[in-house]
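The exercises below concern charged and aromatic side chains, and each task is followed by a solution that proceeds in steps. Please work from the predicted model shown here.

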Amino acid sequence: MANSRRALLCSSLEKIFPETDTAVTEFTAFSMFKNERKSFQFAVEAKKGEMLSFSVVSPLQSALRFFYVKMIPAGANAPKDADDDYIAKDKDAYPDLLLPLTENAFTAEYDGWNTVWVEILSNTDLPVGKHDVAITVRVSETENPLTLSVEVLDDALPKQDLIYTNWFHTDCLSEYYGVEVFSDDYWRITENFLRRATEYGMNCVLTPLFTPPLDTKVGGERPTVQLVDVTVTGKNRYSFGFDNLEKWLSMCDRCGIAYYEMSHLFTQWGARHAPKIMAQKDGKTVQIFGWKTRAAGKAYKRFLEQFAKAILQFVDEKGIREKCFFHISDEPNKGMLRSYKKASKIVHKYFTDVKIIDALSDFKLYEKGLVETPIPANNHIEPFIGKVPELWTYYCCEQGKDHVSNRFFAMPSARNRILGVQLYKFQVKGFLHWGYNFYFLQYSKGLIDPYKVTDAGGAFYSGDSFVVYPAKDGTPYNSLRLNVFYDAFQDMLALKLLESKIGRDKTLAVLEDGLDKPITFSEYPRGDKWILEMRERINKKIME
């Protein structure tokens, strides 16, 4: 039967709502390298409850994976003083969850547009050349033919050298799935989630030597996920065991992790206290440090002196000292200078010849020499450019204005993806984000259902605290934001590939060709069109 419904192909940068009408730009062709992981979408109008099916004919067929794009409730959308680069600031739901389709059929959940996300898995065996992907979508008795042209280029992106950590919260997994920490199920689920993270660019993992003192209510605590065994052997004397840390490192190695971000040695926002540390004492498990511990007190300093010797000996035996990063305390500001300075002095005294990093956005604090590698937020990065040995950056809930990149539900996907261009241009060495899978309320005061609560109980903007959803079987479901974020890394790698062929200056000239202003972290072309055309321009130049 002839087509009587509207259907369309579109890029991975579109966020398609059931009620979306004329704003969607049809997408008919793109190119990719042999080892890329690329995505596009197709959407068709239907009535809620109608059966939809589709068939595909293509030389790339075996590499295609299909996902139904589900709307997910939004809570807080944007800051009150947000800039104008948002899809909307008041919607109740946004397209975000990519639900795997086990067969080429599904029931329409929405009146209006229903969308399928198509991912082409990276595979160096993809046939080189131009290939059609012919898709026929059927709604009731109507057929909707769609054809996309994909050119597989005869080259491969280089290995990622950006260090990327997205804080990995194993206590959230333990609580959500109701499994005991360090049980077989705990390790199985943790490895599933970590493997997915590495598949999408993460190569550095937050490693809970002790339970991370992050986003925790003062006086409260997060579930214990401490990897290091501590035994009290006398007054202010301790021994350490690393069996669970050994198991963690083996898991990380299987998943492809290359770097280890050791959990913070002092509490967040000022380094005033010690993290929660559990130990064996007189045959019982007890808490020996925590909120009642003065960070710069003698007891904790003596503990850190002994722990530093033990952990550094361990990482040396493993040959990973250069792959380890240590933290003092997260996000200090000038009001916390005194306590952070004391903590910094302790860490630098005992943790010698290791890299110390912290999220720190006040350049004046950096100038005081309290941390070698500061990680400023992307809306505070300008003073650090060219002034630090290694440039890192991060964003979180605060970066919802000034047009800087972020990945909230309410932001267009282009704002997510532009980060790759910026990382390349400014030769950023590392990128940090705090929420890979944070399924707690703010300050870790309770568990949430991430399918229903996406703003940590109104504390953060929807999309800030996690990029994967927990499936029933202990594996993660992707968000479309995770896939788009990985596209940003692939843009960065394409630029590096071009640089290897024509040099950095010429690559930057190709990148910014036709722009009125140079690209910065807040100044760049808005919208999908420029990013898609830029990437094709880069690909074409590489193949010349």
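**Exercise 1.** Determine what kind of contact the side chains of Lys-38 and Glu-36 make, and place that contact in its wider setting.

*Solution.* Begin with the distance: N to O, the two side chains come to 3.8 Å, and since the cut-off for a salt bridge is 4 Å, the contact qualifies as one. Next, consider exposure, where Lys-38 and Glu-36 both turn out to be buried. Finally, follow the charges outward: Glu-36 and Lys-38 belong to a network of salt bridges that also links Arg-417, Asp-487, Asp-491 and Arg-535. The structure holds 30 salt bridges.

**Exercise 2.** Which parts of the chain are linked by the salt bridge between Lys-501 and Asp-155?

*Solution.* The closest N and O atoms of Lys-501 and Asp-155 are 3.2 Å apart. Lys-501 lies in helix H9 (residues 480–502), whereas Asp-155 sits in the loop between strand S10 (142–153) and S11, so that the pair links distant parts of the chain, 346 residues apart. As for exposure, Lys-501 has a relative accessibility of 44% and therefore counts as partly exposed.

**Exercise 3.** Describe the geometry of the aromatic pair formed by Tyr-164 and Phe-431, and explain what the pair connects.

*Solution.* The general approach is to describe a pair of aromatic rings by the distance of the centres and the angle of the planes. For Tyr-164 and Phe-431 the centres are 6.1 Å apart and the planes enclose 40 degrees, which makes the pair tilted. Because Tyr-164 belongs to strand S11 (residues 163–166) and Phe-431 to strand S22 (residues 430–433), the pair ties together parts that are 267 residues apart in sequence. Both Tyr-164 and Phe-431 are buried. By contrast in geometry, Tyr-176 and Tyr-177 form an edge-to-face pair, with 5.2 Å centre to centre and 80 degrees between the planes. Of these two, Tyr-176 is partly exposed, with a relative accessible area of 27%, while Tyr-177, at 17% relative accessibility, counts as buried.

**Exercise 4.** Which helices each supply at least two residues of the positive surface patch?

*Solution.* First, list members of the patch, among them Lys-235, Arg-294, Lys-298, Lys-341 and Lys-368. Then assign them to elements: helix H4 (298–318) and helix H5 (337–350) each supply at least two residues, and the largest share, 5 residues, comes from H5. Arg-294, for its part, lies in the loop between strand S17 (284–289) and H4, and its relative accessibility of 61% means that Arg-294 counts as exposed.

Note on methods
Residues are numbered from 1 along each chain as its sequence is written. This is a predicted model: local features need pLDDT of at least 70, side-chain atom pairs count only at pLDDT 80 or more; totals for chains, interfaces and linings use all residues. Side-chain values use heavy atoms; hydrogens and water are left out. Patches are made of residues with over 30% relative accessible area and no salt bridge: like charges are joined within 9 Å, nonpolar side chains (Val, Leu, Ile, Met, Phe, Trp, Tyr) within 5 Å. Accessible areas come from the Shrake-Rupley method with a 1.4 Å probe; for residues, only the protein chains shown count as cover. Lys and Arg count as positive and Asp and Glu as negative; His and the chain ends are not counted. The place of a charge is taken as NZ of Lys, CZ of Arg, CG of Asp or CD of Glu. Helices (H or I, at least four residues) and strands (E, at least two) are DSSP runs, numbered from the N terminus. Buried means under 20% relative accessible area, exposed over 50%, partly exposed in between (1.4 Å probe, protein chains only). Rings of Phe, Tyr and Trp (its six-membered ring) pair if their centres lie within 6.5 Å; planes under 30 degrees apart count as stacked, over 60 as edge-to-face and the rest as tilted.
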